[in-house]
Amino acid sequence: MFFPDEVIEEVRSSNDVVDIVGEYVRLIQKGNSYSGLCPFHNEKTSSFYVNRDKQIYHCFGCGAGGNVVSFIMQIENLSFVEAIKYLAQKSGIKLPEAEISSALREKIKQKELLIQINVEAAKYFYKMLKSSYGKGAKDYLDRRKIDESTSKSFGLGYALNNRNSLSKYIKDKHLDEKLAEKAGLIIKDSSGYHDRFWDRVIFPIFDVHDKVIGFGGRIIDKGEPKYLNSPETDVFNKRLNLYGLNIARKSRKPVLLIVEGYMDVISLHQAGFTNAVASLGTALTREQALLLRRYASECILIYDSDNAGTAAILRAIPILKSVNMTTKVLQVTDAKDPDEYINKFGKDAFEGLLSNAMDYADFQIKTIKSQFNMNKQEDKLKAVKKIIEYANELENELEKQMYMKKISGEFGIDEKVINGQAQIGNINLKPTRKLEPKSEIAEVRIVTKIYEKRERILLSLMINSKDVFDKVIELLGDNIFIVDLHKNIFEKTKNMYYILKNVDVAQFINYFPDLEEQKKVNTIINEIQNFDEKEYEKILNEQLKIIANKIIDFEINDISNKLKTTENDEKKELEVRLTIWLVRKTKIKKIL
Ligand SMILES: [Zn+2]
């Protein structure tokens with residue numbers, strides 16, 4: 001690890017988890033436990049809990065959880081080391097690597113300054129829209145039926161028809177010109193600084209935390225390019241952000257609407273569809289899909305019904321499916337876009353369209369069918385092959401099978417024949433299940449999901465109480481767990497008990513620098529929260545009985561097998577071990 005354990009522990013313990021989480025989530029106190037709406041998934045009732053005593057948090061909805069370091073890693077999208085630095089900074093702890101720390105401090109400061117200058121610019125553009133200079137832009141927004149309050153809530157503005165207006169404003173206000181250049185607001189040439197945006201309606205772009213990270217500008221009359229965005233900066237990364245998500249995520253609707261442009265987002269929000277977002281002038285990226293997945297499990301792609309729109313939908317589907325998003329498609333007909341549709345037919349009609357949005361697989365099939373002549377046998381085969389390729393991209397086995405069935409029904413071909421045809425066409429059907437390498441070593445022990453859960457519960461009880469820990473060790477020795485992670489956690493628990501009487505769970509989580517592992521460790525720690533304390537003894541005995549019998553049988557079996565092929569001294573040792581296990585077996589039978 002990067003920092004000594006004591007330093008990490010100092011940083012962790014000087015940042016109270018309730019205080020830090022409270023900066024992001026509105027928490028309601030109930031004794032020493034706090035609850036609120038989970039920031040990592042979309043929910044209407046709280047299943048997110050923070051515990052001040054234990055200094056950990058846990059979401060019963062999505063399984064997010066860990067200590068204050070995990071929380072910062074997850075919510076700020078930082079690595080373990082970065083999160084430690086971030087928290088050290090917050091609590092004024094000096095980290096050993098002074099140079100790196102100051103570099104990071106500088107980076108954080110730079111980002112804040114970029115956002116500050118963006119806010120200055122946004123205010124300026126907003127003021128210009130309100131001024132008499134902004135008449136053309138206001139007329140444009142009127143034509144698009146964007147009302148005052150919508151315009152205000154999206155912070156819309158206007159960049160004057162003059163190459164030197166913002167640059168002059170920045171100079172007059174003694175703002176940092178270099179910084180403004182870095183933020184992509186002004187551009188330097190031989191005659192000095194000039195504005196990037198001029199004579200455009202300005203759309204400030206916010207990140208999910210409502211910070212102004214960049215701008216989009218739309219030309220008012222004719223001209224190219226129609227839309228101009230801020231360049232990529234230290235705070236503005238198009239691949240990582242979505243327009244409107246800062247508002248859409250607060251709608252806490254289970255479905256997000258993905259539309260093409262800024263104006264689509266704004267007009268949908270105005271019509272009450274506050275769950276609309278748009279990618280920032282790029283094709284939807286996997287990073288954006290992951291971000292969306294944080295807030296909703298379902299999305300509807302609403303793109304234009306022209307060829308470009310269809311192509312964009314076909315590109316977006318596998319990306320959304322790869323993050324396990326339920327995906328539907330809506331192509332508006334009878335109108336150019338959702339905006340025009342709502343103006344023509346009203347909100348309710350649009351609501352109706354949404355509820356009839358097409359399943360992504362149906363959309364793929366429909367589109368491919370329209371691209372081939374279905375009356376020609378050869379074309380039809382090509383179409384089927386293409387669709388099988390789509391189905392094949394799915395990671396979820398069940399979904400893939402359902403898709404294959406759908407293809408079979410759609411084209412009236414037997415499923416087996418479809419697979420056969422696909423193989424003749426040299427389509428690489430991915431193996432449906434990853435093949436486990438066959439092993440003849442006796443130690444390979446495979447367990448069921450239910451058994452894994454038993455291990456988790458047992459481990460949880462052992463972390464919760466040293467008495468339980470000692471009792472289990474006494475009964476079974478210290479080769480108790482089969483799952484690797486559980487073995488690892490067990491070893492660390494043992495080390496902690498060696499020094500302390502209790503396992504400090506928040507400190508414990510830091511032994512696992514990987515966020516995914518932290519989450520799993522936290523789940524294990526919380527496993528016993530599902531039970532009443534009075535039941536612990538009973539639960540323990542239930543798990544112990546099954547686990548003990550399995551372990552004992554494994555061991556006895558292993559040793560017996562080895563005994564068959566071993567001679568002399570080694571044999572004696574094995575016999576001693578066998579006796580120990582047989583004694584354990586008898587003892588377990590008696591007490592459990
Ligand atoms: Zn959650």
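**Exercise 1. Helix α11**

Task: In this predicted model, decide how far helix α11 (residues 262-270) is enclosed by the rest of the structure.

Solution: Begin with the cut-off, since a residue counts as buried when its relative accessible area is under 20%. The residues of α11 that are buried are Tyr 262, Met 263, Asp 264, Val 265, Ile 266, Ser 267, Leu 268 and His 269. Because eight of the nine residues of α11 are buried, the helix is largely enclosed by the rest of the structure. As a last step, look just after α11, where Gly 272 takes a positive phi of about 100 degrees.

**Exercise 2. Helix α3**

Task: Find which residues of helix α3 (residues 68-75) are buried, and then describe the start of the helix and the residue that follows it.

Solution: The buried residues of α3 are Val 68, Val 69, Ser 70, Phe 71, Ile 72, Met 73, Gln 74 and Ile 75, and with eight of its eight residues buried the helix is mostly covered. At the start of α3, the backbone nitrogen of Val 69 has a side-chain oxygen of Asn 67 within 3.0 Å. Beyond the helix comes Asn 77, whose phi is positive, near 55 degrees.

**Exercise 3. Unusual backbone angles in loops**

Task: For Asp 199, Asp 334 and Pro 225, say in which loop each residue is found and what is to be noted about phi of Asp 199, phi of Asp 334 and the peptide bond from Glu 224 to Pro 225.

Solution: It helps to recall that most residues other than glycine have a negative phi, and that most peptide bonds are trans.

- Asp 199 is placed in the loop between β8 (192-195) and β9 (200-206). The phi of Asp 199 is near 50 degrees, a positive value in a residue other than glycine. With a relative accessible area of 22%, Asp 199 is partly exposed.
- Asp 334 belongs to the loop between β16 (326-330) and α14 (338-345). Here phi is near 65 degrees, again positive in a residue other than glycine. Asp 334 has a relative accessible area of 57% and is therefore exposed, the cut-off for this class being over 50%.
- Pro 225 is found in the loop between β10 (212-219) and β11. The peptide bond that leads from Glu 224 to Pro 225 is cis, and its omega is near -10 degrees.

**Exercise 4. The surroundings of Asn 241**

Task: Is Asn 241 buried or exposed, and which residues is Asn 241 in contact with, leaving aside its neighbours within four places in sequence?

Solution: First locate Asn 241, which is in the loop between β11 (227-229) and β12 (242-243). The relative accessibility of Asn 241 is 11%, so this residue counts as buried. Next, leaving aside neighbours within four places in sequence, the residues in contact with Asn 241 are Asp 207, Ile 213, Leu 280, Gln 288 and Leu 291. Finally, a polar atom of the Asn 241 side chain lies 3.1 Å from the backbone oxygen of Asn 237.

**Exercise 5. Helix α21 and two of its partners**

Task: Work out how helix α21 (residues 466-476) is oriented towards helix α20 (residues 449-464) and towards helix α26 (residues 568-591), and which residues make each contact.

Solution: Take α20 to begin with. The axes of α20 and α21 come within 5 Å and cross at roughly 125 degrees, and the two helices are therefore oblique to each other. On the α20 side the contact is made by Leu 458, Leu 461, Met 462 and Asn 464, and on the α21 side by Lys 466, Val 468, Phe 469 and Val 472. These residues divide into six nonpolar, one polar and one charged.

Turn now to α26, whose axis and that of α21 come within 9 Å and cross at roughly 130 degrees. It follows that α21 and α26 are oblique to each other. Glu 474, Leu 475 and Leu 476 of α21 make this contact with Trp 581, Arg 584, Lys 587, Ile 588 and Ile 591 of α26. The division here is five nonpolar, no polar and three charged.

**Exercise 6. Ser 560 and the domains**

Task: What separates the C-alpha atoms of Ser 560 and Leu 578, and how far apart are the C-alpha centres of domain 2 and domain 5?

Solution: Ser 560 lies in helix α25 (residues 536-565) and, at 26% relative accessibility, counts as partly exposed. Although Ser 560 and Leu 578 are 18 residues apart along the chain, their C-alpha atoms are separated by 7.7 Å. For the second part, the domain assignment gives five ranges: domain 1 (5-96), domain 2 (108-236), domain 3 (240-362), domain 4 (372-424) and domain 5 (449-591). Between the C-alpha centres of domain 2 and domain 5 there are 61 Å.

Notes:
Residues numbered from 1 in each chain as written. Predicted model: local features only at pLDDT ≥ 70, side-chain atom pairs only at ≥ 80, totals over all residues. Heavy atoms only, no water. Axes fitted to C-alpha atoms, helices over the stretch in contact; angles between N-to-C directions. Helix = DSSP H or I, 4+ residues; strand = E, 2+ residues; numbered from the N terminus. Parallel < 35°, antiparallel > 145°, perpendicular 65-115°, else oblique. Contact = heavy atoms within 4.5 Å. Nonpolar A, V, L, I, M, F, W, Y, C, P; charged D, E, K, R; others polar. Domains from an automatic or database assignment. Buried < 20%, exposed > 50% of the residue type's maximum accessible area, 1.4 Å probe, protein only. Polar contact = N/O pair within 3.5 Å; in protein donor to acceptor, adjacent residues only side chain to side chain.
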